[in-house]
Amino acid sequence: MVDSELDVVLPYVDSSDPEWEDLFLRTRNKSFQTETAKNLFLKLFSNRYASYGMFRYWWRGYEKFGPPGSVHLLLQSESQIPKWLDRGNPRIKIHFHSEFMPEDALPSYNSSCIELCFLRKYAQSLTPFFLMMNDDFYFNAPCAFEDFVDGDRPLTWAEVRSSRFLPSCLFRSIVCNNFDLVSKVAGKRCPHYTHNHLAVCYKRDAIVPALDAFWPTIEKTLTRFRDASNYNHWILRYWQDFTGISKSSDRFPHKGYIEMPDATDAKVAAMKELKVVCFNDTNGKFSPAVRSYLETHFPERSSFELE
C-alpha cells in the first residue's frame, strides 16, 4: 500500500436479480395474485434499488479516471455479483452484508445502515483516506489523490446554512439525526451544512474514534428498511467539517450533480470536464441522455469485466 492510494466503498444492488426480488417481497411480507400487481409494487422502489444495466460504466470510469486503490463492494448475496464482473481482480474486495451487520437487521435494504455497519467493522482495514461513493457517482475525468486530500486533511465542500433543516421527509429526518448526535458528542451545537451529493473523502484515523462515540446510539436504530430513526455515513462528514478535520474546497461544486429528469443532452455534455459527477436516479427512470453519454464516454471494456 502506498500513501497515494484511496480505497472506494461502494454499496450496490440489482433489483432485477430474481433471488433478490423474492427475498425482498418475503421480507416485506408481500404476495400477489398477478405478475402485473407484483411489478407495480416493485416499481414503487425502482428509484432506490434499480441499476438500469449501467454498472459496467462505473467500473470503466473508475479504471480510466479513478485514483489508485481497491473497491470494497457491499452486496447482499452471491446472486448480486454481476456475471460479467471479474471477482478475481485483485482491486475488488467483495463484502456480503452478513459479514458486518447484526442478524436482526438482515436482510437489509437500507443503505444508511449498511454503510455505517461496514465502516464500524472494516474502516481500520481501509487506506488512510478513502472515498464513500454510490453507483450513480462516476469518475468522469482524471482524478488524483490530491483531488481529494490536501496534506493530512480530506477535502470537503460545505456551506453553513442560515437556517436549520427540518425533518420534513425521511431523508431530512436522518440528516437532522446526524446533526443532533454530532452536537451531543461534541458538547456544542453543530451548524447545519449544505453539501454536494458526490464522493465523500474520509480520514480513517479521525472517523474510527468518532464512530466509536456515536455507535451506542446508532446501533439501537439499525433497521432493514430506511426509517426516520436512522443515521447515515454523513454523520462522519459533519463531524469532520465541524471539528476542522476536513479542509474546505470548491473542487467539487454542485454543478457535478444532476437529477435524471433534468438530464438533457446539452446539460450532460456540459459536465464532460468535471472530475466526479452524479446522475441521480431519484425518479426511477434512467435518462436516455445519460445512457448515451456513458456509452460514448466509456466505450471500451475495462479489466474488471470478463465479457
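Two strands count as paired when DSSP finds at least two bridges between them, and strands themselves are DSSP runs of E of at least two residues, while helices are runs of H or I of at least four, all numbered from the N terminus. This is a predicted model, in which local features need pLDDT of at least 70 and side-chain atom pairs count only at pLDDT 80 or more, while totals for chains, interfaces and linings use all residues. Residues are numbered from 1 along each chain as its sequence is written, and side-chain values use heavy atoms, with hydrogens and water left out.

**First stop: strand β1**

Select residues 7-11, which form β1, and look at the strands beside it. β1 and β2 run parallel and are joined by four bridges, and within this pairing V8 stands opposite V71 of β2. β1 also pairs with β4 in the parallel sense, over three bridges, and there V9 has M132 as its bridge partner.

Now show the side chains of β1. In a regular strand the side chains alternate between the two faces of the sheet. Here D7, V9 and P11 point one way, V8 and L10 point the other way, and all are buried, where buried means under 20% relative accessible area, exposed means over 50% and partly exposed lies in between, for a 1.4 Å probe and protein chains only.

**Next: H72 in strand β2**

Move to H72, which lies in β2. H72 counts as buried because its relative accessibility is 6%. Its C-alpha atom is separated by 6.0 Å from that of L10, although the two residues are 62 apart along the chain. Leaving aside neighbours within four places in sequence, H72 is in contact (heavy atoms within 4.5 Å) with D7, V8, V9 and L10, and also with K93, H95, F118 and L126.

**Next: helix α4 and the core around it**

Select residues 55-65, the helix α4. Eight of its eleven residues are buried, so α4 is largely enclosed by the rest of the structure. The buried residues are F55, Y57, W58, W59, R60, G61, Y62 and F65, and what covers them includes β1, β2, β3, β5 and α11.

From here, widen the selection to the nonpolar core, a term for a set of buried Ala, Val, Leu, Ile, Met, Phe, Trp, Tyr and Cys residues joined through side-chain atoms within 4.5 Å. The largest such core has 52 residues, and those with the most contacts inside it are W58, W59, M133, F139, F148, F279 and L294. Elements that each supply at least two residues of this core include β3 (92-96), β13 (276-280) and α11 (288-297), while the largest share, six residues, comes from α4. A second, separate core has 44 residues, among them A123, C176, V182 and W239.

**Next: the enclosed spaces**

Which spaces are closed off inside the protein? On a 1 Å grid over the protein atoms alone, a cavity is a set of points where a 1.4 Å probe fits but cannot get out, a pocket is an open set with protein on both sides within 12 Å along at least five of seven lines, and lining residues have an atom within 4 Å of a point. Grid points are joined across faces, edges and corners, and a volume is the space filled by probe spheres set on the points. The structure holds two cavities of 30 Å³ or more.

The largest cavity has a volume of about 150 Å³, and of the 17 residues that line it, the closest to its centre are L155, T156, W157, A199 and C201. To see the elements that give two or more residues to this lining, select β7 (153-156), β10 (200-203) and α9 (234-242). The lining divides into eight nonpolar, five polar and four charged residues, where Ala, Val, Leu, Ile, Met, Phe, Trp, Tyr, Cys and Pro count as nonpolar, Asp, Glu, Lys and Arg as charged, and the others, Gly among them, as polar.

The second largest cavity holds about 80 Å³ of space, and the residues that line it include Y52, F55, D135, Y138, M260 and F279.

**Next: a sheet of three strands**

Return to β7, which belongs to an open sheet of three strands in the order β6-β7-β11, with mixed pairing. β6 (149-150) and β11 (247-248) stand at the edges, each with a single partner strand, so one side of each is left without a neighbour in the sheet. β7 and β11 pair in the parallel sense over two bridges, and T156 stands opposite S248 in β11.

**Last stop: an open pocket**

Finally, select Y12, D14, S16, P82 and K83, which are the closest to the centre of the second largest pocket among the 17 residues that line it. This pocket has a volume of about 270 Å³, and its lining has seven nonpolar, five polar and five charged residues.
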